[in-house]
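Here is a short tour to keep beside you while you turn the model on your screen. We will go topic by topic, so feel free to stop and look at each part.

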Amino acid sequence: VPCVPLRPTTIIGTPVRHDAIPECEERAGVEVWHPRFAAIPKLGLAINPLVMATRCLPLARRLNAAVGGFDLVDAQYLFPDAVAGVILARWLGKPALMTARGSDVNVLARQSLPAAWMRWAWHRAAGVITVSAKLKQELVALGVEDNRVTVLRNGVNLDLFRPLDRDAARRQTSIDGRTLLSVGNLVAEKGHDIVIRALGQLPVDTRLVVIGQGPERERLQELARALRLHDRVRWVEHVSQELLAQYYCAADLTVLASHREGMPNVVLESLACGTPVVASAVGGIPEVLGHDAVAGTLVERLTPEDFTGSIASRLQAAAARDRIRAHAQGFGWDATIARQLDLFRQAAGLMPS
């Protein structure tokens with residue numbers, strides 16, 4: 001947890017005081033530690049990986065002794081987290097795997113200091129994982145050897161995200177009439193502004209529910225007011241995963257206008273609930289929607305006009321929810337988990353590579 005004295009920490013666009021986050025907690029039966037590290041303004045890109053690894057070292061040594069020795073370090077998000085993971089692994093004499101998730105490759109790898117750290121780390125890691133084939137292509141173009149990158153796509157919890165009684169879901173979420181759903185952090189790259197502008201070009205009986213929180217909230221609300229759409233847009237800051245499934249089932253369509261993505265959970269979750277998707281053709285989204293016109297529509301240009309046309313066409317077609325769900329069932333977690341375990345065993349020397 002980054003710690004700046006007398007200033008709040010920002011986590012996914014939301015200010016949080018670091019002392020509000022527990023030092024240790026249990027999640028789903030797993031013990032989770034949150035070591036603090038000193039985040040020094042203007043020096044983060046240069047030193048954060050080293051500072052993070054240094055701060056985690058005493059805890060890692062203690063936990064390593066407590067379990068009789070762990071096998072490897074699994075580090076998610078290439079910078080600074082995964083770089084710190086590789087540094088830590090080298091100090092402990094353990095192998096490390098790095099996983100790329102999206103903006104770490106699409107944004108940070110284009111900046112000189114993070115890129116230098118990443119190059120150092122991925123040449124010393126046991127392997128690199130990406131959540132989409134598109135991200136693998138980007139990493140290979142940046143200099144990672146093709147045979148050292150494995151694609152393990154995100155999956156979806158098919159038990160949690162499933163078709164529910166639509167009338168009951170609408171009552172639960174207070175949704176009626178034709179409704180679009182836009183889910184994601186309220187940051188510029190998620191393109192919520194495009195969805196709002198597209199809404200203004202759709203019939204007045206079409207409404208939008210935006211689920212998310214972040215620094216763009218006030219600007220987006222002002223946009224809705226300026227376009228006289230404030231009475232057609234509803235804002236929901238935070239919902240549980242169970243309630244999110246209800247929203248997907250209640251909506252007519254999920255819209256994702258991201259400028260860049262890895263393998264977005266939003267698309268997978270919506271499809272698993274039987275709700276079609278209109279989404280920008282970026283990152284791993286084409287790998288999910290593919291050429292299945294039943295599941296959703298890919299939008300090539302990030303303009304409100306292009307999204308308006310695709311949304312209008314999709315709303316006019318009857319949603320084949322059973323077929324959409326069937327498409328999503330190819331994206332369950334089982335195959336990904338099995339391959340992940342194989343990679344862990346190979347990296348730890350527990351099975352042939």
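A crossing of two helices is called left-handed if the near helix is turned anticlockwise from the far one by less than a right angle, and right-handed if clockwise. By that rule, α7 passes α8 in a right-handed crossing, while α6 passes α9 in a left-handed one. Please keep in mind that this is a predicted model. The points below cover the open sheet, the helices around it and a few individual residues.

**The open sheet**

- Six strands make up an open sheet, and their order is β13-β12-β11-β14-β15-β16, with parallel pairing.
- Which strands stand at the edges? They are β13 (233-236) and β16 (296-299); each has a single partner strand, so one side of each is left without a neighbour in the sheet.
- On average, neighbouring strands of this sheet are turned by 20° against each other, with direction ignored.
- At the β16 edge, strand β15 (residues 277-280) runs parallel to β16 and is joined to it by four bridges.
- If you would like a residue pair to look for there, S280 has V299 in β16 as its bridge partner.

**Helix α7, on the sheet**

- Helix α7 (residues 192-199) lies across four strands, namely β11 (178-183), β12 (206-211), β13 and β14 (253-256). Relative to β12, α7 runs at about 165°.
- Is α7 largely enclosed or largely open? Seven of its eight residues are buried, so α7 is largely enclosed by the rest of the structure.
- The buried residues of α7 are H192, D193, I194, V195, I196, A198 and L199.
- These buried residues pack against the strands β11, β12, β13 and β14, and also against the helices α8 and α12 (304-316).

**Two helix pairs**

- Two packed helices are described by the angle between their axes and the distance between the axes.
- For α7 and helix α8 (residues 217-226), the axes come within 10 Å and cross at roughly 10°. That angle makes α7 roughly parallel to α8.
- On the α7 side, the contact is made by H192, D193, I196 and R197; on the α8 side, by R219, L220, L223 and A224.
- Sorted by class, the residues of this α7 and α8 contact are four nonpolar, one polar and three charged.
- For helix α6 (residues 166-173) and helix α9 (residues 241-250), the axes come within 8 Å and cross at roughly 120°. That makes α6 oblique to α9.
- Here R166, A169, R170, Q172 and T173 of α6 meet L243, Q246, Y247, C249 and A250 of α9.
- By class, the α6 and α9 contact has five nonpolar, three polar and two charged residues.

**Two residues and their surroundings**

- V105 lies in helix α3 (residues 103-106), and V105 is buried, with a relative accessible area of 0%.
- Which residues does V105 touch, not counting those up to four places away in sequence? They are L78, A100, R110, L135, E138, L139 and L142.
- V105 and E261 are 156 residues apart in sequence and 10.0 Å apart in space, C-alpha to C-alpha.
- F70 is in the loop between α1 (44-66) and β7 (73-76). With a relative accessible area of 22%, F70 is partly exposed.
- Leaving aside neighbours within four places in sequence, F70 is in contact with A60, N64, L92 and K94.
- F70 and R124 are 54 residues apart in sequence, and their C-alpha atoms are 19 Å apart in space.

**Backbone details to check**

- Most residues other than glycine have a negative phi, and most peptide bonds are trans.
- The peptide bond that joins F79 and P80 is cis, with omega about 0°. P80 has its place in helix α2 (residues 78-92).
- Y77 is not a glycine, yet Y77 has a positive phi of about 75°. Y77 is found in the loop between β7 and α2, and at 25% relative accessibility Y77 counts as partly exposed.
- K42, also not a glycine, has a positive phi of about 75°. K42 is in the loop between β6 (37-38) and α1.
- Is K42 buried or exposed? At 87% relative accessibility, K42 counts as exposed.

Terms used: Residues numbered from 1 in each chain as written. Predicted model: local features only at pLDDT ≥ 70, side-chain atom pairs only at ≥ 80, totals over all residues. Heavy atoms only, no water. Axes fitted to C-alpha atoms, helices over the stretch in contact; angles between N-to-C directions. Helix = DSSP H or I, 4+ residues; strand = E, 2+ residues; numbered from the N terminus. Parallel < 35°, antiparallel > 145°, perpendicular 65-115°, else oblique. Contact = heavy atoms within 4.5 Å. Nonpolar A, V, L, I, M, F, W, Y, C, P; charged D, E, K, R; others polar. Pairing = 2+ DSSP bridges. Buried < 20%, exposed > 50% of the residue type's maximum accessible area, 1.4 Å probe, protein only.
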